[in-house]
Amino acid sequence: MKKIICIALVAALLLSCLGCAGSPDASSDFTGAEVTFFKAGKADAAVLRTGNAVILIDTGLQKNSDDLIEALEAMGVEAIDVLVVSHFDKDHVGGAADILASFPVGTVYQSNWPKDSDEYDAYVAALAAADIIPVTVSRTVTFTLDGMTVSIDGPSRPEYDDDPSNNSSLIASITCGGTTLLFAGDAQDARLTEYLADYERPEGTVILKVPYHGHWQETLPAFLAAVAPDVAVIPCSKSEPEAEEIDAVTALLEDLGAGIYLTYNGDISFTVS
């Protein structure tokens with residue numbers, strides 16, 4: 001599997017942030033991490049590893065779960081401290097049952113909008129088999145883990161009129177020293193508008209997992225302008241979203257000066273130190 005390693009890029013970005021006023025004290029004992037966004041077609045799966053902790057955010061499609069498990073094992077992952085299931089579409093929760101059966105998992109954070117699907121049913125059964133009660137996030141949950149500050153923002157509504165599953169996406173923000181990783185799930189216009197209402201861009205470098213695979217949305221220009229990412233990762237396939245949508249989104253990101261990476265070119269890894 002092709003892997004794109006972006007160590008030099010992130011190191012250069014971090015140099016510009018050293019000594020910045022307002023850098024988060026909560027992460028002062030942070031000693032470094034590697035984040036990998038997996039090539040999974042139009043599906044999301046990303047892992048963040050420090051010396052003592054593993055966070056997995058989404059699990060891709062069930063048909064690719066063997067590849068995901070093999071990749072995690074090759075990285076030396078033996079257990080997962082935190083699993084975040086941003087929402088229950090099959091391209092985010094599909095591999096979760098196999099992950100839960102293959103690794104000891106600590107805390108599971110999940111969306112509040114269940115789906116009628118085989119993938120969701122398998123996930124619920126796997127949670128029961130592992131004796132895990134997930135945390136359903138309907139407000140912002142914040143905690144620290146191995147020098148990182150993790151904030152998981154849940155949907156404020158029990159249901160959305162448009163695209164209720166995508167708009168129920170959890171949005172996870174992980175601050176690692178002077179870098180913040182922002183995972184926006186498949187949030188669409190209603191959810192992005194809601195999130196922006198209280199959003200303040202953190203000091204330092206921002207690495208953004210672009211919402212909804214790079215599909216165009218009316219709120220996206222305002223969202224990207226507010227986040228002002230230094231690096232943007234778009235999990236997508238070569239055929240979906242369509243090239244016109246990807247081109248429009250990458251044009252916005254280019255105007256903001258962001259480095260842009262698409263997972264259909266291979267796994268994408270960043271070292272944060």
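**Entry 1. Surface and overall make-up**

I began with the surface: the protein chain exposes about 11,500 Å², and carbon and sulfur atoms supply 48% of that area. I note here that the model is a predicted one. I then looked up burial and found that buried residues make up 55% of the 273 residues in the chain. For secondary structure I recorded 8 helices and 15 strands. Turning to contacts with a separation of 6 or more, I found that residues 24 or more positions apart account for 71% of them.

**Entry 2. Salt bridges**

I asked how many salt bridges the structure holds. The count is 7. I examined three pairs in detail.

The side chain of aspartate 91 meets that of lysine 42 in a salt bridge, at 3.2 Å from N to O. I located aspartate 91 in helix H3 (residues 90–93) and lysine 42 in the loop between strand S2 (33–37) and strand S3 (45–50), so that this pair, 49 residues apart, links distant parts of the chain. Is aspartate 91 buried or exposed? I entered it as buried because its relative accessible area is 7%, under the 20% limit for that class.

Next I took aspartate 153 and arginine 191, whose closest N and O atoms are 2.7 Å apart in a salt bridge. Aspartate 153 belongs to strand S9 (residues 148–153) and arginine 191 to helix H6 (residues 189–196); the pair therefore ties together parts that are 38 residues apart in sequence. I found both aspartate 153 and arginine 191 to be buried. I also noted a network of salt bridges that links Asp153, Arg191 and Glu194.

The third pair is aspartate 230 and arginine 201, with side chains that meet in a salt bridge at 3.0 Å, N to O. I placed aspartate 230 in the loop between helix H7 (220–227) and strand S13 (231–234), and arginine 201 in the loop between H6 and strand S12 (205–209); they are 29 residues apart. Aspartate 230 counts as partly exposed because its relative accessibility is 24%. Arginine 201 is likewise entered as partly exposed, at 31%.

**Entry 3. The largest pocket**

I recorded a volume of about 330 Å³ for the largest pocket. Its lining comprises 19 residues, and I listed Thr140, Asp153, Tyr195, Asp198 and Tyr199 as those nearest the centre. The elements that give two or more residues to this lining are S9, strand S10 (171–176), strand S11 (179–183) and H6. Which element gives the most to the lining? I found that H6 does, with 3 residues. By class, I entered the lining as 6 nonpolar, 7 polar and 6 charged residues.

Asp153 thus appears twice in my notes: in the salt-bridge network and among the residues nearest the centre of the pocket.

**Entry 4. Backbone exceptions**

I next checked the backbone, given that most peptide bonds are trans and most residues other than glycine have a negative phi. The peptide bond from glutamate 240 to proline 241 is cis, with omega near -5°. I found proline 241 in the loop between S13 and helix H8 (243–255).

Aspartate 131, although not a glycine, has a positive phi of about 60°. I located aspartate 131 in the loop between helix H5 (118–129) and strand S7 (135–136), and entered this residue as exposed because its relative accessibility is 70%.

Aspartate 163 also has a positive phi, of about 45°, without being a glycine. The place of aspartate 163 is the loop between S9 and S10, and I recorded this residue as partly exposed, at 41% relative accessibility.

Methods:
Residues are numbered from 1 along each chain as its sequence is written. This is a predicted model: local features need pLDDT of at least 70, side-chain atom pairs count only at pLDDT 80 or more; totals for chains, interfaces and linings use all residues. Side-chain values use heavy atoms; hydrogens and water are left out. Helices (H or I, at least four residues) and strands (E, at least two) are DSSP runs, numbered from the N terminus. Buried means under 20% relative accessible area, exposed over 50%, partly exposed in between (1.4 Å probe, protein chains only). Contact means heavy atoms within 4.5 Å. Accessible areas come from the Shrake-Rupley method with a 1.4 Å probe; for residues, only the protein chains shown count as cover. A salt bridge is a side-chain nitrogen of Lys or Arg within 4 Å of a carboxyl oxygen of Asp or Glu. On a 1 Å grid over the protein atoms alone, a cavity is a set of points where a 1.4 Å probe fits but cannot get out, and a pocket is an open set with protein on both sides within 12 Å along at least five of seven lines; lining residues have an atom within 4 Å of a point. Grid points are joined across faces, edges and corners, and a volume is the space filled by probe spheres set on the points. Ala, Val, Leu, Ile, Met, Phe, Trp, Tyr, Cys and Pro count as nonpolar, Asp, Glu, Lys and Arg as charged, and the others, Gly among them, as polar.
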